[in-house]
Amino acid sequence: MAGQVQRHVSTMSDLDIARLLMLEQPAPKDCKPEDCLEEALSTLAKEIGLEAKQLRIMAALNKVMFEDQQFEANLEEYYDPRNGLIHEALQRKTGNAITLSIIYISVARRCGLYLSGSECPGHFVVRGETQTGSPFFVDVFKQGKLMSHRQCVKAYVKTDTESRLEAVTPPRLYARMMRNLVNANMIIGHGGKVSASPPPPPPPPPPPPPPPSLLLFLVLSSFSSRPHS
């Protein structure tokens, strides 16, 4: 897949890049669609500080992954446990936000663009940084939509406008993937969702009964210790 991305990088126009990154920009009535898209590209690139090479790699990756290869979010069977398994997502070309993000990140790194993941409340996005350290985000659940930090916070965080949406660490990513798999299996199999905390341990078993000889000794002792009437 990385080879296909590389072949598209040098052949894409600004209009192609803007369309593939699914940029949103209010368009005036007298603006042609192609002019509005190019203006949206310039506005977002200026806000984030993205370089032309970064924009081209992400646009080419979107074309290969979501148009040519037709990867997509599995919204119809959202709780199918296979959505949380990377090899299943690669084979079936569908998955959840985490597995699709991991595939996206892995291909981008092979093309020279270092990306990571970031957790949002109830969602997961791809995170990158410009050379000046400004974060930007890609939503693979929306076929590679590019967002600035402001746009991502507005869409998914809402309550904490100062959140930086830091890059997720590998152990935390692994833990979230495992929790999602457990929840998916519980929902499909038993109709209930497990919590993030483990269940309380079962109560200890009762002590075993004393051997017959000891029991007899205790009974006789109780009789012999009774006061005489």
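This report walks through the confidence of a predicted model, its aromatic pairs, a nonpolar surface patch and one buried glutamine.

## How confident is the model?

Let's start with the predictor's own view of its work. The chain has a mean pLDDT of 78, with 74% of its residues at 70 or more. Confidence varies along the chain: among its elements, strand E2 (residues 94-95) has the highest mean pLDDT, 94, while helix H9 (residues 212-224) has the lowest, 49. Within residues 214-219 the pLDDT is below 50, and this stretch makes one contact in the model beyond near neighbours in sequence.

## Aromatic pairs around Tyr78

If you enjoy looking at rings, the structure holds three aromatic pairs. One of them joins Tyr78 and Tyr79, with 5.1 Å from centre to centre and 85° between the planes, an edge-to-face arrangement. Both tyrosines are partly exposed: Tyr78 has a relative accessibility of 40%, and Tyr79 has 42%.

Tyr78 also pairs with Phe141. Their ring centres are 6.3 Å apart and the planes meet at 80°; planes over 60 degrees apart count as edge-to-face, so this pair is edge-to-face. The Tyr78 and Phe141 pair links distant parts of the chain, as the two residues are 63 residues apart. Tyr78 sits in the loop between E1 and H5, and Phe141 in the loop between strand E5 (135-139) and strand E6 (145-148). Through these ring pairs, Tyr78, Tyr79 and Phe141 become a cluster.

## A nonpolar patch on the surface

The two tyrosines turn up again on the outside of the model. Together with Leu75 and Ile188, Tyr78 and Tyr79 form a nonpolar surface patch with about 440 Å² of accessible area in total. Tyr79 lies in the loop between strand E1 (72-73) and helix H5 (86-92). Patch members need over 30% relative accessible area, and Tyr79 has 42%, so Tyr79 meets that cut-off while counting as partly exposed.

## Gln54, a buried polar residue

For a contrasting setting, have a look at Gln54. This glutamine belongs to helix H4 (residues 52-68). Is Gln54 buried or exposed? The relative accessible area of Gln54 is 10%; buried means under 20%, so Gln54 counts as buried.

Which residues does Gln54 touch, leaving aside those up to four places away in sequence? Gln54 is in contact with Leu113, Glu129, Thr130 and Phe136.

Notes:
Residues are numbered from 1 along each chain as its sequence is written. This is a predicted model: local features need pLDDT of at least 70, side-chain atom pairs count only at pLDDT 80 or more; totals for chains, interfaces and linings use all residues. Side-chain values use heavy atoms; hydrogens and water are left out. Patches are made of residues with over 30% relative accessible area and no salt bridge: like charges are joined within 9 Å, nonpolar side chains (Val, Leu, Ile, Met, Phe, Trp, Tyr) within 5 Å. Accessible areas come from the Shrake-Rupley method with a 1.4 Å probe; for residues, only the protein chains shown count as cover. A salt bridge is a side-chain nitrogen of Lys or Arg within 4 Å of a carboxyl oxygen of Asp or Glu. Helices (H or I, at least four residues) and strands (E, at least two) are DSSP runs, numbered from the N terminus. Buried means under 20% relative accessible area, exposed over 50%, partly exposed in between (1.4 Å probe, protein chains only). pLDDT is the predictor's confidence in each residue, from 0 to 100. Contact means heavy atoms within 4.5 Å. Rings of Phe, Tyr and Trp (its six-membered ring) pair if their centres lie within 6.5 Å; planes under 30 degrees apart count as stacked, over 60 as edge-to-face and the rest as tilted.
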